[in-house]
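Visitor: Please pick one part of this protein and take a close look at it with me. I am new to this, so explain the terms as you go.

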Amino acid sequence: MIDNIVDSIVSSKKYKGIYPKTVERIVRETSRRCVSKDVEKNSKNLLHQIWGSYYTHYPDFEKLTDNLKKNLQDSNDIKETILPILKIHSSTAERIPISIDFYKKIFEITGSPSSIVDIACGLNPLMFPWMSLASDCKYLSYDIDIFEVEFLNDIFSILGQNNRFKSFTGDIFIDSFPYCDIVFMLKLLPLLYLQDKGEVVNILSNLECNFIIISFPTRSLSGKNVGMESNYSHMIESIINTQKWKISRLVFRSELVYVIKK
Ligand SMILES: C[S@@+](CC[C@H](N)C(=O)[O-])C[C@H]1O[C@@H](n2cnc3c(N)ncnc32)[C@H](O)[C@@H]1O
């Protein structure tokens, strides 16, 4: 039964771009929690919440790539050419107004990184022109969205950045990640709670790095402030208080950030 449901989901129009290992993991876990007739529907609902809800319409990545190439012919301003892409994903769209301060304040605490692993990256790696990274900083990014990962690699190549920026399909519950200075886990923790709350402390403990940057949105996707800052503060503090990590907290207009020194 599980294999049939996984096949049906990965061959569906909407979910064909999700990492099949993630679909299989979610179907297995869902099948433990509900009656068989609801497994496919409930698995799709969860996949929508963790992956599908951040784009108003799933992007036509080929068209975006072509547009970027055209815009690069008209402008040398790399930020200007990337901005329209960042705006299509709610997480990066919300970060644009705070972008310069956002990375600057984080790196003031961590120091300038020589390697970054960005887990559940969305389009965040394309914010690199706002990050002021050292020219030899390596940046590896991972997400469960196969087409988004291909798109990121295409854009890195077009921008001549593919030596140091690389994107991969990866699921934080399944895959392991190389050692690095900084792990970005931006706006991810609430989604991990939806998937497997009990695993979150282990995941954070097992990450091999100097710093983990965990962030939370402070407004809902509809733009409302519904006590999210205080709820998410409780969520993360209940985890980190069990560990001997040094924590710094940064509050931006649209995002709450915890810098964890391991
Ligand atoms: C709210 S978006 C955040 C994107 C990006 N981190 C940012 O803040 O700009 C959540 C991202 O997490 C990814 N995701 C969800 N569950 C994941 C998992 N188990 N492993 C890896 N990525 C995951 C989704 O595909 C989506 O791109």
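Guide: Let's look at domain 1, starting with its borders and ending with two of its helices. This is a predicted model, in which local features need pLDDT of at least 70 and side-chain atom pairs count only at pLDDT 80 or more, while totals for chains, interfaces and linings use all residues. Residues are numbered from 1 along each chain as its sequence is written.

The protein chain is split into domain 1 (2-50) and domain 2 (89-261), with bounds from an automatic or database domain assignment. Their C-alpha centres are 25 Å apart. Where they touch, 10 residues of domain 1 are in contact with 12 of domain 2 (C-beta atoms, placed from the backbone, within 7 Å). On the domain 1 side, α2 (20-33) and α3 (36-50) each supply at least two residues; helices here are DSSP runs of H or I, at least four residues, numbered from the N terminus. The largest share, four residues, comes from α2.

Now follow α2 to its contact with α1 (residues 2-10). Their axes, lines fitted to C-alpha atoms over the stretch in contact, come within 9 Å and cross at roughly 135°, with angles running from 0 to 180 degrees between N-to-C directions. That makes α1 oblique to α2, the word for angles that are not under 35 degrees (roughly parallel), over 145 (roughly antiparallel) or 65 to 115 (roughly perpendicular). The contact is made by I2, I5, V6, I9 and V10 of α1 with P20, V23, E24, V27, R28 and S31 of α2.

Technical notes. Two residues are in contact if their C-beta atoms, placed from the backbone, lie within 7 Å.
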